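Subject: Structure handover

Hello,

Here is the structure for you to look at. My notes on what was found in it follow below.

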Amino acid sequence: MYLSLDLQKVMTKKKVSFEYEEITSIEACDENIQSLYSEAQKAKEKAYAPYSNFKVGAALLLENGEVFTGNNQENAAYPSGLCAERVAIFSAKSKYPDVAIKSLVIVTSAKNVQAPVSPCGSCRQVLLEYEFAQKKPFDIYLQTKGQGLIKVASANHLLPFSFNSDMLNG
(Lines give C-alpha, C1' and ligand atoms only; values in the text may rest on other atoms or scores of the structure.)
Protein backbone atom coordinates (compact mmCIF):
# COMPACT_ATOMS: atom_id res chain seq x y z
CA MET A 1 0.00 0.00 0.00
CA TYR A 2 1.24 3.48 -0.83
CA LEU A 3 0.63 6.55 1.25
CA SER A 4 -0.49 9.55 -0.72
CA LEU A 5 -0.12 13.03 0.71
CA ASP A 6 -1.46 16.33 -0.48
CA LEU A 7 1.72 18.44 -0.21
CA GLN A 8 -0.27 21.66 -0.16
CA LYS A 9 -1.73 20.56 3.17
CA VAL A 10 1.52 19.48 4.87
CA MET A 11 3.89 22.21 3.67
CA THR A 12 3.85 25.52 5.49
CA LYS A 13 6.02 28.57 5.02
CA LYS A 14 7.42 30.31 8.05
CA LYS A 15 9.75 33.23 8.54
CA VAL A 16 12.73 33.32 10.83
CA SER A 17 13.41 36.75 12.29
CA PHE A 18 15.16 38.33 15.22
CA GLU A 19 15.56 41.67 16.87
CA TYR A 20 18.76 43.67 16.85
CA GLU A 21 19.79 47.12 17.88
CA GLU A 22 21.43 49.49 15.42
CA ILE A 23 24.04 51.74 17.02
CA THR A 24 25.25 54.55 14.76
CA SER A 25 28.35 55.47 16.75
CA ILE A 26 30.61 53.74 19.24
CA GLU A 27 30.25 56.78 21.52
CA ALA A 28 26.62 55.75 22.11
CA CYS A 29 27.80 52.57 23.84
CA ASP A 30 28.78 52.18 27.47
CA GLU A 31 32.44 52.31 28.52
CA ASN A 32 32.86 48.51 28.51
CA ILE A 33 31.77 48.21 24.86
CA GLN A 34 33.85 51.24 23.83
CA SER A 35 36.88 49.61 25.44
CA LEU A 36 36.15 46.26 23.76
CA TYR A 37 35.77 48.04 20.42
CA SER A 38 39.17 49.68 20.90
CA GLU A 39 40.77 46.35 21.88
CA ALA A 40 39.21 44.62 18.87
CA GLN A 41 40.60 47.35 16.60
CA LYS A 42 44.11 46.82 18.06
CA ALA A 43 43.80 43.05 17.67
CA LYS A 44 42.67 43.45 14.06
CA GLU A 45 45.88 45.29 13.20
CA LYS A 46 47.91 42.25 14.34
CA ALA A 47 45.92 39.77 12.22
CA TYR A 48 47.81 37.44 9.91
CA ALA A 49 45.84 37.71 6.66
CA PRO A 50 48.36 37.67 3.77
CA TYR A 51 45.99 35.79 1.43
CA SER A 52 42.66 37.54 1.87
CA ASN A 53 43.86 40.88 3.25
CA PHE A 54 40.61 40.74 5.25
CA LYS A 55 41.74 41.47 8.80
CA VAL A 56 39.33 40.77 11.64
CA GLY A 57 39.66 41.57 15.33
CA ALA A 58 37.54 40.39 18.23
CA ALA A 59 37.44 41.32 21.89
CA LEU A 60 35.35 39.69 24.58
CA LEU A 61 34.53 40.54 28.14
CA LEU A 62 34.10 37.82 30.74
CA GLU A 63 31.85 38.29 33.76
CA ASN A 64 34.93 38.48 36.00
CA GLY A 65 36.06 41.61 34.12
CA GLU A 66 38.85 39.94 32.13
CA VAL A 67 39.19 40.94 28.45
CA PHE A 68 40.51 38.62 25.75
CA THR A 69 41.26 39.48 22.15
CA GLY A 70 41.77 37.50 18.98
CA ASN A 71 42.42 38.05 15.30
CA ASN A 72 42.19 35.93 12.21
CA GLN A 73 45.15 33.69 11.42
CA GLU A 74 45.33 32.49 7.83
CA ASN A 75 47.40 29.65 6.42
CA ALA A 76 48.45 28.66 2.92
CA ALA A 77 47.06 25.20 3.72
CA TYR A 78 43.50 26.51 3.81
CA PRO A 79 41.39 25.86 5.94
CA SER A 80 44.08 25.46 8.61
CA GLY A 81 43.67 29.04 9.84
CA LEU A 82 41.34 30.28 12.53
CA CYS A 83 38.88 33.16 12.82
CA ALA A 84 39.25 36.04 15.29
CA GLU A 85 36.17 35.11 17.29
CA ARG A 86 37.35 31.57 17.97
CA VAL A 87 40.88 32.72 18.83
CA ALA A 88 39.44 35.07 21.49
CA ILE A 89 36.92 32.59 22.88
CA PHE A 90 39.29 29.63 23.02
CA SER A 91 41.93 31.79 24.70
CA ALA A 92 39.44 33.03 27.31
CA LYS A 93 38.00 29.61 28.00
CA SER A 94 41.42 27.98 28.29
CA LYS A 95 42.19 30.32 31.18
CA TYR A 96 38.72 30.72 32.71
CA PRO A 97 36.62 27.71 31.68
CA ASP A 98 33.87 28.37 34.22
CA VAL A 99 33.48 32.14 33.78
CA ALA A 100 30.65 33.28 31.53
CA ILE A 101 31.13 35.48 28.49
CA LYS A 102 29.34 38.81 28.85
CA SER A 103 29.98 40.62 25.55
CA LEU A 104 31.83 40.17 22.25
CA VAL A 105 32.80 42.85 19.71
CA ILE A 106 33.89 41.96 16.14
CA VAL A 107 35.52 44.46 13.73
CA THR A 108 37.22 44.30 10.34
CA SER A 109 39.59 46.24 8.12
CA ALA A 110 37.24 45.91 5.14
CA LYS A 111 36.57 49.17 3.33
CA ASN A 112 33.03 50.39 2.65
CA VAL A 113 31.35 48.00 5.07
CA GLN A 114 27.60 48.30 4.58
CA ALA A 115 26.16 45.16 6.16
CA PRO A 116 27.26 43.91 9.57
CA VAL A 117 30.49 41.92 9.53
CA SER A 118 29.03 38.67 10.74
CA PRO A 119 30.79 35.52 11.98
CA CYS A 120 31.18 32.55 9.66
CA GLY A 121 29.09 29.43 10.21
CA SER A 122 31.79 27.66 12.24
CA CYS A 123 32.15 30.65 14.55
CA ARG A 124 28.39 30.93 14.95
CA GLN A 125 28.28 27.31 16.07
CA VAL A 126 31.10 27.92 18.57
CA LEU A 127 29.34 31.02 19.93
CA LEU A 128 26.18 28.95 20.38
CA GLU A 129 28.12 26.18 22.13
CA TYR A 130 29.41 28.58 24.77
CA GLU A 131 26.01 30.22 25.25
CA PHE A 132 24.50 26.78 25.73
CA ALA A 133 27.26 25.76 28.16
CA GLN A 134 26.90 28.90 30.27
CA LYS A 135 23.08 28.65 30.12
CA LYS A 136 22.62 32.27 29.10
CA PRO A 137 23.20 34.41 26.03
CA PHE A 138 25.75 37.18 25.63
CA ASP A 139 25.66 40.38 23.60
CA ILE A 140 27.43 40.34 20.24
CA TYR A 141 28.39 43.60 18.54
CA LEU A 142 29.08 43.51 14.80
CA GLN A 143 30.77 46.35 12.94
CA THR A 144 28.81 48.15 10.25
CA LYS A 145 29.42 51.43 8.42
CA GLY A 146 32.02 53.75 9.94
CA GLN A 147 31.96 53.28 13.68
CA GLY A 148 28.46 51.83 13.64
CA LEU A 149 27.55 48.58 15.33
CA ILE A 150 24.71 46.09 15.33
CA LYS A 151 23.96 44.61 18.76
CA VAL A 152 22.60 41.08 18.70
CA ALA A 153 21.36 39.73 22.03
CA SER A 154 22.27 36.09 21.40
CA ALA A 155 24.28 33.90 19.04
CA ASN A 156 21.06 31.96 18.55
CA HIS A 157 19.82 34.89 16.46
CA LEU A 158 22.78 34.45 14.12
CA LEU A 159 22.15 30.74 13.60
CA PRO A 160 18.49 29.75 13.67
CA PHE A 161 17.80 26.00 13.75
CA SER A 162 20.93 25.62 15.81
CA PHE A 163 22.54 22.39 16.96
CA ASN A 164 23.65 21.67 20.52
CA SER A 165 24.81 18.78 22.67
CA ASP A 166 21.26 17.94 23.81
CA MET A 167 20.67 16.67 20.30
CA LEU A 168 23.52 14.16 20.60
CA ASN A 169 21.80 12.25 23.39
CA GLY A 170 18.66 11.43 21.44
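Of the 170 residues of the protein, 38% count as buried. Please keep in mind that this is a predicted model. The C-alpha trace spans about 65 × 40 × 35 Å along its principal axes. The secondary structure amounts to four helices and six strands, and their order along the sequence is α-β-α-β-β-α-β-α-β-β. If one takes the contacts between residues at least 6 apart in sequence, 64% of them join residues at least 24 apart.

Cores

In soluble globular proteins, nonpolar side chains tend to be buried together. The largest nonpolar core here has 23 residues, and the members that touch the most others are Leu-60, Leu-62, Leu-104, Ile-106, Leu-127, Ile-140 and Leu-142. Two or more residues each come from β2 (56–62), α3, β4, α4, β5 (139–143) and β6 (149–152). A separate core of 13 residues includes Ile-23, Ile-33, Ala-59 and Val-105.

Which residues does Ile-106 contact, leaving aside its neighbours within four places in sequence? The list is Val-56, Gly-57, Ala-58, Glu-85, Val-117, Pro-119, Ile-140, Tyr-141, Leu-142 and Gln-143.

Aromatic pairs

A pair of aromatic rings is described by the distance of the centres and the angle of the planes. The structure holds two such pairs. In one of them, the ring centres of Phe-18 and Tyr-20 are 5.9 Å apart and the planes stand at 55°, so the pair is tilted; an angle over 60 degrees would be needed for edge-to-face. Phe-18 has a relative accessibility of 35% and therefore counts as partly exposed. Tyr-20, at 49%, is also partly exposed, as the class of exposed residues begins over 50%.

The pair of Phe-68 and Tyr-96 is edge-to-face, with 6.1 Å from centre to centre and 75° between the planes. This pair links distant parts of the chain, 28 residues apart: Phe-68 is in strand β3 (residues 67–71), while Tyr-96 is in the loop between α3 (84–95) and β4 (101–108). Are these two residues buried or partly exposed? Phe-68 is buried, because its relative accessibility is 12% and the limit for buried is under 20%. Tyr-96 has a relative accessible area of 22%, so this residue is partly exposed.

Gln-134

Gln-134 lies in helix α4, which covers residues 121–134. With a relative accessible area of 16%, Gln-134 counts as buried. What does its side chain reach? One partner is the backbone oxygen of Lys-136, at 3.1 Å. In addition, a polar atom of the Gln-134 side chain lies 2.7 Å from the backbone nitrogen of Ile-101. Neighbours within four places in sequence aside, Gln-134 is in contact with Lys-93, Ala-100 and Ile-101.

Largest pocket

The volume of the largest pocket is about 440 Å³. Its lining consists of 21 residues, and those nearest the centre are Asn-72, Glu-74, Tyr-78, Leu-82 and Cys-83. Helix α3 gives the most to this lining, with three residues.

Regards

Notes: Residues are numbered from 1 along each chain as its sequence is written. This is a predicted model: local features need pLDDT of at least 70, side-chain atom pairs count only at pLDDT 80 or more; totals for chains, interfaces and linings use all residues. Side-chain values use heavy atoms; hydrogens and water are left out. Buried means under 20% relative accessible area, exposed over 50%, partly exposed in between (1.4 Å probe, protein chains only). A polar contact is a pair of N or O atoms within 3.5 Å; within protein, one must be able to donate a hydrogen and the other to accept it, and residues adjacent in sequence count only if both atoms are side-chain atoms. Contact means heavy atoms within 4.5 Å. Rings of Phe, Tyr and Trp (its six-membered ring) pair if their centres lie within 6.5 Å; planes under 30 degrees apart count as stacked, over 60 as edge-to-face and the rest as tilted. A nonpolar core is a set of buried Ala, Val, Leu, Ile, Met, Phe, Trp, Tyr and Cys residues joined through side-chain atoms within 4.5 Å. On a 1 Å grid over the protein atoms alone, a cavity is a set of points where a 1.4 Å probe fits but cannot get out, and a pocket is an open set with protein on both sides within 12 Å along at least five of seven lines; lining residues have an atom within 4 Å of a point. Grid points are joined across faces, edges and corners, and a volume is the space filled by probe spheres set on the points.
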